[in-house]
Amino acid sequence: MKLAAIVPLNRLSHAKTRLTDVLDAGGRAALSRWLARRVLVALQRAEIAHIGVVSPDEDVLRWAWQSGAQPIRQQDSGLNHALESGRAWALHADALLIALGDLPLLTPEDVREMTRVAANVDAQRSVVIATDRAAQGTNMLLLRPPAAIRFAFGENSLARHLALAREAGIEPRILQLPGAAFDVDTPDDLRELAERGLWRPSERHPQFWAGEAS
């Protein structure tokens with residue numbers, strides 16, 4: 001199965017606005033850069049040959065190129081519009097994996113499990129979803145073929161993606177992968193990340209943006 005992966009990333013100036021009370025603009029940008037690097041490394045170590053980063057931010061696109069990913073310029077606002085730009089780039093592939101850019105615990109094994117489940121479905125079409133910890137959101141989405149369903153990311157996206165798959169005649173597979181379930185959106189998430197010893201807000205971690213891995 002020829003697989004392509006897309007990581008959507010917002011403008012650094014708009015990053016992690018729900019953390020405004022605990023991180024200044026520079027801290028939020030640094031956190032977003034660090035999270036994105038961890039996701040990209042997990043995808044690369046899972047040996048996905050074609051990885052794209054879609055963003056409206058020139059600095060992000062430059063970093064993507066330097067890090068071995070294909071930069072994809074976002075043409076329209078909003079996450080789902082951004083992903084459509086990524087899908088257009090990935091239509092050459094048999095399947096498309098969407099990985100949100102704020103999954104600090106994501107591992108290559110999580111990525112391989114997504115692809116294994118999609119490949120083992122006894123059909124030419126499959127939809128595999130890795131949920132967030134509340135089992136309400138979609139943190140990773142694998143579509144085979146890439147145009148199997150439209151994107152419906154946002155609040156309570158799991159229910160919408162399930163409905164879209166079934167409307168298309170595809171019975172979706174739901175996975176709860178520990179490494180894919182933890183995303184960083186709230187001060188409590190950031191506190192947990194710090195308690196795990198992975199992130200210290202006083203550090204800006206510029207080395208990760210320059211291509212270093214953790």
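This is a short talk about a few features of one predicted protein model.

Hi everyone, thanks for having me. Remember as we go that the model is predicted.

Let's start with strand β6, which covers residues 138-144. Seven of the seven residues of β6 are buried, so this strand is largely enclosed by the rest of the structure. Which strands does β6 pair with? Strand β4, residues 95-99, is joined to β6 by four bridges, and the two run antiparallel. In that pairing, Leu 97 stands opposite Leu 142 of β6. Strand β5, residues 126-131, is also antiparallel to β6, with six bridges between them. Here you can find Ile 129 opposite Leu 141. A general point for anyone new to sheets: in a regular strand, side chains alternate between the two faces of the sheet.

Now follow β5 to Thr 131, which belongs to that strand. Is Thr 131 buried or exposed? Its relative accessible area is 1%, and because buried means under 20%, Thr 131 counts as buried. What does Thr 131 touch, if we skip residues up to four places away in sequence? The list includes Gly 137 and Asn 139, and also Leu 158, Ile 174, Leu 175, Gln 176, Ala 180 and Ala 181.

Next comes the turn of the chain. β5 and β6 form a hairpin with six residues between the strands. One residue to look at there is Ala 135, in the loop between β5 and β6. Its phi is near 55°, a positive value in a residue other than glycine. Ala 135 is partly exposed, with a relative accessible area of 34%.

Glu 47 gives us another positive phi in a residue other than glycine, near 65°. You'll find Glu 47 in the loop between α1 (25-45) and β2 (50-55). With a relative accessibility of 68%, Glu 47 counts as exposed.

Let's go back to the far end of β6. Where is the cis peptide bond in this part of the chain? The bond from Arg 144 to Pro 145 is cis, with omega near 0°. Pro 145 sits in the loop between β6 and α5 (157-167).

Now for some rings. How many aromatic pairs does the structure hold? There is one. The partners are Phe 151 and Phe 153, with 6.4 Å from centre to centre and 40° between the planes, and the pair is tilted. Both partners turn out to be buried: Phe 151 has 4% relative accessibility, and Phe 153 has a relative accessible area of 8%. Phe 151 has another partner too, since Arg 87 lies over the face of its ring, at 4.0 Å from the ring centre.

My last stop is Leu 105, in the loop between β4 and α4 (108-120). Which residues does Leu 105 contact, leaving aside neighbours within four places in sequence? They are Asp 110, Gly 179, Phe 182, Arg 196 and Leu 198. Here is a distance to try on your own screen: Leu 105 and Ala 163 are 58 residues apart in sequence and 28 Å apart in space, C-alpha to C-alpha.

To wrap up, if you look at one thing again, try β6: its residues are buried, seven of seven, and it is joined to β4 by four bridges and to β5 by six. Thanks for listening!

Conventions:
Residues are numbered from 1 along each chain as its sequence is written. This is a predicted model: local features need pLDDT of at least 70, side-chain atom pairs count only at pLDDT 80 or more; totals for chains, interfaces and linings use all residues. Side-chain values use heavy atoms; hydrogens and water are left out. Rings of Phe, Tyr and Trp (its six-membered ring) pair if their centres lie within 6.5 Å; planes under 30 degrees apart count as stacked, over 60 as edge-to-face and the rest as tilted. Buried means under 20% relative accessible area, exposed over 50%, partly exposed in between (1.4 Å probe, protein chains only). A charge sits over a ring if NZ of Lys or CZ of Arg is within 6 Å of the ring centre and within 35 degrees of the ring normal. Contact means heavy atoms within 4.5 Å. Two strands pair if DSSP finds at least two bridges between them.
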